[in-house]
Amino acid sequence: MKAPRVARPSKAAQAREQRLEEVRACACRTLAASDVTEPNQIDIDHIAAVFGAEVVFDDLEGATARVIQIGDRATIVVSTRIAEIGSIRFSIAHEIGHMLCKHYVRRAAAERAVERLCSPLSIDGTTAEREASVFAAELLMPAFMVAPWCKVAPNAGIRVRAIASAFQTSLLASALRFVELSPDRCAVVYSELGRVRWVKKSPTFTAWIPKGRAVEPASAAFDYFDGGALDQSSRVIPAATWLPREAEHPEAAMYEHATAIPGAGTVFSLLWMPDAA
């Protein structure tokens with residue numbers, strides 16, 4: 001019997017990944033230039049100042065942050081609607097990413113201001129938005145520092161909270177970073193209005209989680225949409241709760257730790273599947 005063919009990434013996909021590696025390397029160089037070796041040394045305001053950017057807060061319509069560049073000077077504006085320190089830090093790092101990755105909005109005379117509006121707390125966006133968010137994640141949660149925290153156990157939610165506390169990042173950003181760096185099968189499922197909006201998986205999590213699917217009653221996330229409350233501990237659930245193709249294997253189980261995002265009416269679930277599943 002012939003071995004199954006493994007699909008190779010397209011040239012376009014390879015080019016995108018190479019570009020993201022360059023973005024991550026830029027973030028690492030930025031940290032090295034400030035002699036950062038510990039999480040508590042990642043001073044995002046200082047890093048912004050080093051690159052000629054002033055950070056201010058204002059009421060923004062339709063965005064959570066923006067950067068205005070005039071020559072070699074810049075102003076990073078963060079929405080006053082953002083209260084969480086982790087989200088504020090990510091927004092600032094995202095805008096620094098636009099600056100250092102040279103994401104030019106359009107041709108403009110040197111004396112004109114170039115302005116970019118962003119919603120860096122959303123996973124959706126253009127290539128430039130994706131690159132700026134990858135830069136922010138690497139700057140605030142460097143892989144060489146965070147990877148040791150990402151060896152999964154059933155209580156993965158506790159590790160995510162530890163990352164958020166140590167690196168002053170939001171729980172959602174910490175969970176996404178956790179999934180990126182984990183060697184085990186885990187995923188983040190973001191649900192809104194009782195339906196799956198988007199999914200981010202670890203490289204080893206290959207199971208299908210359909211977007212737009214209604215959240216199942218057996219899930220921890222359902223508790224929030226049904227009654228507005230969530231358990232603080234992980235829950236063992238049938239894998240078919242999130243993976244419809246596992247319906248024929250009722251013995252397969254997974255762990256779910258659900259977290260509500262205050263003020264957004266949304267929930268993200270951190271899923272982990274044991275190797276024996």
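Q: At what angle do helix 1 and helix 4 pack?
A: In this predicted model, helix 4 spans residues 127-140 and helix 1 spans residues 11-33. The axes of the two helices lie 8 Å apart, and the packing angle is about 40°.

Q: Is helix 1 roughly parallel or oblique to helix 4?
A: Helix 1 and helix 4 pack at about 40°. Angles under 35 degrees count as roughly parallel, and 65 to 115 as roughly perpendicular. The angle falls in neither class, so helix 1 is, relative to helix 4, oblique.

Q: How do the residues of the contact of helix 1 with helix 4 divide into nonpolar, polar and charged?
A: Helix 1 contributes residues including Leu20, Val23, Arg24 and Leu31, while helix 4 contributes, among others, Val134, Phe135 and Glu138. The residues of this contact divide into nine nonpolar, one polar and five charged.

Q: Is arginine 24 buried or exposed?
A: Arginine 24 is located in helix 1, and its contacts beyond four places in sequence are Glu17, Val134 and Glu138. Its relative accessible area is 18%. Because the cut-off for this class is under 20%, arginine 24 is buried.

Q: Is helix 3 roughly perpendicular or oblique to helix 4?
A: The axes of helix 3 (residues 85-100) and helix 4 come within 8 Å and cross at roughly 120°. The roughly perpendicular class runs from 65 to 115 degrees, and roughly antiparallel requires over 145. The crossing angle fits neither class, so helix 3 is, relative to helix 4, oblique.

Conventions: Residues are numbered from 1 along each chain as its sequence is written. This is a predicted model: local features need pLDDT of at least 70, side-chain atom pairs count only at pLDDT 80 or more; totals for chains, interfaces and linings use all residues. Side-chain values use heavy atoms; hydrogens and water are left out. Helices (H or I, at least four residues) and strands (E, at least two) are DSSP runs, numbered from the N terminus. Buried means under 20% relative accessible area, exposed over 50%, partly exposed in between (1.4 Å probe, protein chains only). Contact means heavy atoms within 4.5 Å. Axes are lines fitted to C-alpha atoms, for helices over the stretch in contact, and angles run from 0 to 180 degrees between N-to-C directions. Ala, Val, Leu, Ile, Met, Phe, Trp, Tyr, Cys and Pro count as nonpolar, Asp, Glu, Lys and Arg as charged, and the others, Gly among them, as polar.
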